[in-house]
Amino acid sequence: MRKRIVFAGEVMGELRHSESDGDGFAVGFAGDSFNAAVYCKRCLGSNGEVAYQTRIGHDPLSAGALALAKGEQLDTEAIRYDASRNLGLYAVKTDAAGERSFFYWREHSAARTLFQDPKELDVFAQADIIYLSGITLAIIGQDQRNKVLDKVAQLRASDNVAFAFDSNYRPKLWENVQAARETVSRAWSITDIALPSVDDEMALFEEADEQTVLARLRTYGLTQGALKRGSLGPVSLDPAQGDNISFPAAKTVVDTTAAGDSFNGGFLAALLQGAPASTCMKAGHDLACEVVGQPGAITPRT
C-alpha cells in the first residue's frame, strides 16, 4: 500500500533578481512546507502520495502556484480558495556566500486563514504522516494553532498517524517569543519525526550550543529524525545512532534558501520507503547540497 504524507502551510510568490533580464525580476513560487512537499514528491515518484494543504486567492499568482503544485504531481485537493485574500509574496537577495535576506508582503495572505474551517482538519486523517512547521503555526494564530495540535494529538493517539515537525523559527511571524516557545514546545511533545535546525532552536530557546539543544529535544522523547547543522551535516536525535557519520559539505553554494526544506523532503521520502535513519539523513543531506548549488527555492526539474 502506497504511503501518503500531507504537508500544510503557505506557498508564496517569490521575486528574485534576474541577471538575464537586466534590472528585472523573475517570479517563482516557494514556502518552507511547499518546498519540502515538492522535493519529497520528486524523490518519492510513484512510490508514495504527497498532498499539499493551503489556502490561495483568485489572483494570477495564486493560479501560478496551483499550476506549479499540479505540475509537481502534488495532490491539490486540500487547497481551498479565499475570495477576499491573495497569495503572499516575498523578495529575496543573496550575498556572495549564498546567504539570503527576505522581504515579505504576506499580511493579507490567504494562507493565514487556513484551518478556520474545522473541516479542513479532516485532511489529516487521510495521512500516514502529517507535516507542519513553525511557520505554518505562526501565521494561523493561537486559536487555530490549538485546534491543529489538538487534532494531531488525537490522531496520533487513535490512529496510525505520525507527526513530522520542523520548528523553522522566524521571530517576526510570532506575537512574541513566549508564544513561540510554548507552541513549539507543545509541538515537539507530540512529534514522531523531528527535523529541527540547530540555529533555530538555539535562537528560540536561547541555548548556547548543539549539545544543549540535543539534550532538550531528547527530553520530549524525540529519537526519530535529525538535527540539521548546515554545512556540518545532520546528527541523529537517537543517542544509539551516535554522531560518527560524516557528511561532505556542498561543493558549490549559490543560494541556501531551501536547504533545510529540501533536506526534510529527501529525508521523509526515504523514510516513507522504509530506509534506515542513516540512509534518510544521507538522502536529505545530498539533496540539500544539490539544491543550494542553484538559485531559487525550487530548482528546475531534471
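# Exercises on a predicted model

His 285 is part of helix α9, which covers residues 277-291; helices (H or I, at least four residues) and strands (E, at least two) are DSSP runs, numbered from the N terminus. The model is predicted, and local features need pLDDT of at least 70, side-chain atom pairs count only at pLDDT 80 or more, while totals for chains, interfaces and linings use all residues. Residues are numbered from 1 along each chain as its sequence is written, and side-chain values use heavy atoms, with hydrogens and water left out.

## Exercise 1: surroundings of a histidine

Determine whether His 285 is buried or exposed, and list its contacts beyond its neighbours within four places in sequence.

Solution. Begin with the terms: buried means under 20% relative accessible area, exposed over 50%, and partly exposed in between (1.4 Å probe, protein chains only). His 285 has a relative accessible area of 5% and is therefore buried. Next, take contact to mean heavy atoms within 4.5 Å; with the neighbours within four places set aside, His 285 touches Gly 230, Ser 231, Gly 233, Pro 234, Phe 247, Pro 248 and Phe 263.

## Exercise 2: cysteines

Find how many disulfides the model has, and explain why Cys 280 is not bonded to Cys 40.

Solution. A disulfide is counted as a pair of cysteine sulfur atoms within 2.5 Å, and by this rule the count is zero. For Cys 280, the closest cysteine sulfur belongs to Cys 40 and lies 11 Å away, which is too far for a bond. Cys 289 is likewise in no disulfide, the nearest cysteine sulfur being that of Cys 43 at 13 Å. As for its accessibility, Cys 280 is buried, with a relative accessible area of 1%.

## Exercise 3: the order of a sheet

Work out in what order the six strands of the open sheet lie, and which strands stand at the edges.

Solution. Two strands pair if DSSP finds at least two bridges between them. The open sheet has the order β5-β4-β1-β8-β9-β10, with parallel pairing. β5 (79-81) and β10 (193-194) are at the edges, where each has a single partner strand, so one side of each lacks a neighbour in the sheet. Then follow β1 (residues 3-8), which pairs with β4 in the parallel sense over six bridges, Arg 4 standing opposite Glu 49 and Ile 5 opposite Val 50. Towards β8 (residues 129-133), β1 is joined by three bridges, again in a parallel run, and there the bridge partner of Ile 5 is Ile 129. Finally, five of the six residues of β1 are buried, so that the strand is mostly covered.

## Exercise 4: positive phi

Compare the settings of Asn 168 and Glu 206, stating for Asn 168 and for Glu 206 whether the residue is buried or exposed.

Solution. Asn 168, although not a glycine, has a positive phi of about 35 degrees, and it sits in the loop between β9 (162-166) and α5 (177-189). At 6% relative accessibility, Asn 168 counts as buried. Glu 206, also a residue other than glycine, has a positive phi near 50 degrees and lies in the loop between α6 (198-205) and α7 (210-219). At 65% relative accessibility, Glu 206 counts as exposed.
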